[in-house]
Amino acid sequence: MNSQWIPVSERLPGLCERVLVVNAGVGFVEVGFRHLTGEYHHWDGDDWAELHQPSHWMPLPEPPEVE
């Protein structure tokens, strides 16, 4: 798995693919996705809300295996 932050200026995540997103100027890391409209959304605790100007993203890690 790639664990490096990917600048949105270099490459975008797939549409509706849930990824970690961050606005480097603010520093909050959140789970979000790129909507069909090109906007980014994040979970705000109640619903998906627009996330303004993410600077970087990375794939979500694989969940742990349960035995």
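This briefing covers the strand pairing, the nonpolar core and one buried arginine of a predicted model. The strands form an open sheet of 6, in the order S1-S6-S2-S3-S4-S5, and the pairing is antiparallel. Strand S2, residues 19-22, has buried residues pointing both ways, and Arg 34 in strand S3 is buried without a salt bridge.

**Sheet layout**

- The order S1-S6-S2-S3-S4-S5 places S2 between S6 and S3.
- The edges of the sheet are S1 (6-7) and S5 (48-51), each of which pairs on one side only.
- Strands of a sheet pair through backbone hydrogen bonds, in either the parallel or the antiparallel sense.

**Strand S2 and its partners**

- S2 is joined to S3 (residues 29-34) by 4 bridges, and the two strands run antiparallel.
- Within this pairing, Val 29 in S3 stands opposite Val 22.
- The hairpin of S2 and S3 has 6 residues between the strands, and Gly 27 takes a positive phi near 95 degrees there.
- S2 also pairs with S6 (residues 56-59), again antiparallel, over 4 bridges.
- Leu 20 has Met 58 as its bridge partner in S6.

**Side chains of S2 and the nonpolar core**

- Val 19 and Val 21 point one way from S2, while Leu 20 and Val 22 point the other way; all are buried.
- Val 19 and Val 21 belong to the largest nonpolar core, which has 6 residues and also includes Ile 6, Tyr 40, Leu 51 and Trp 57.
- Beyond four places in sequence, Val 21 touches the core residues Tyr 40, Leu 51 and Trp 57.
- Other contacts of Val 21 in that range include Trp 5, Phe 28, Val 29, Pro 54 and His 56.
- In soluble globular proteins, nonpolar side chains tend to be buried together.

**Arg 34 and the S3-S4 pairing**

- S3 and S4 (residues 40-43) run antiparallel and are joined by 3 bridges.
- Arg 34 lies in S3, and the bridge partner of Arg 34 in S4 is Tyr 40.
- Tyr 40 is also a member of the largest nonpolar core.
- Arg 34 is buried but makes no salt bridge: the nearest side chain of opposite charge, that of Glu 17, is 7.3 Å away.
- The cut-off for a salt bridge is 4 Å, so Glu 17 at 7.3 Å does not qualify.
- The side chain of Arg 34 does reach a backbone oxygen, that of Pro 13, at 2.7 Å.
- Beyond four places in sequence, the contacts of Arg 34 include Leu 12, Pro 13, Gly 14, Leu 15, Cys 16 and Glu 17, together with Glu 39 and Tyr 40.

How values were computed:
Residues are numbered from 1 along each chain as its sequence is written. This is a predicted model: local features need pLDDT of at least 70, side-chain atom pairs count only at pLDDT 80 or more; totals for chains, interfaces and linings use all residues. Side-chain values use heavy atoms; hydrogens and water are left out. Buried means under 20% relative accessible area, exposed over 50%, partly exposed in between (1.4 Å probe, protein chains only). Two strands pair if DSSP finds at least two bridges between them. Lys and Arg count as positive and Asp and Glu as negative; His and the chain ends are not counted. A polar contact is a pair of N or O atoms within 3.5 Å; within protein, one must be able to donate a hydrogen and the other to accept it, and residues adjacent in sequence count only if both atoms are side-chain atoms. Contact means heavy atoms within 4.5 Å. A nonpolar core is a set of buried Ala, Val, Leu, Ile, Met, Phe, Trp, Tyr and Cys residues joined through side-chain atoms within 4.5 Å.
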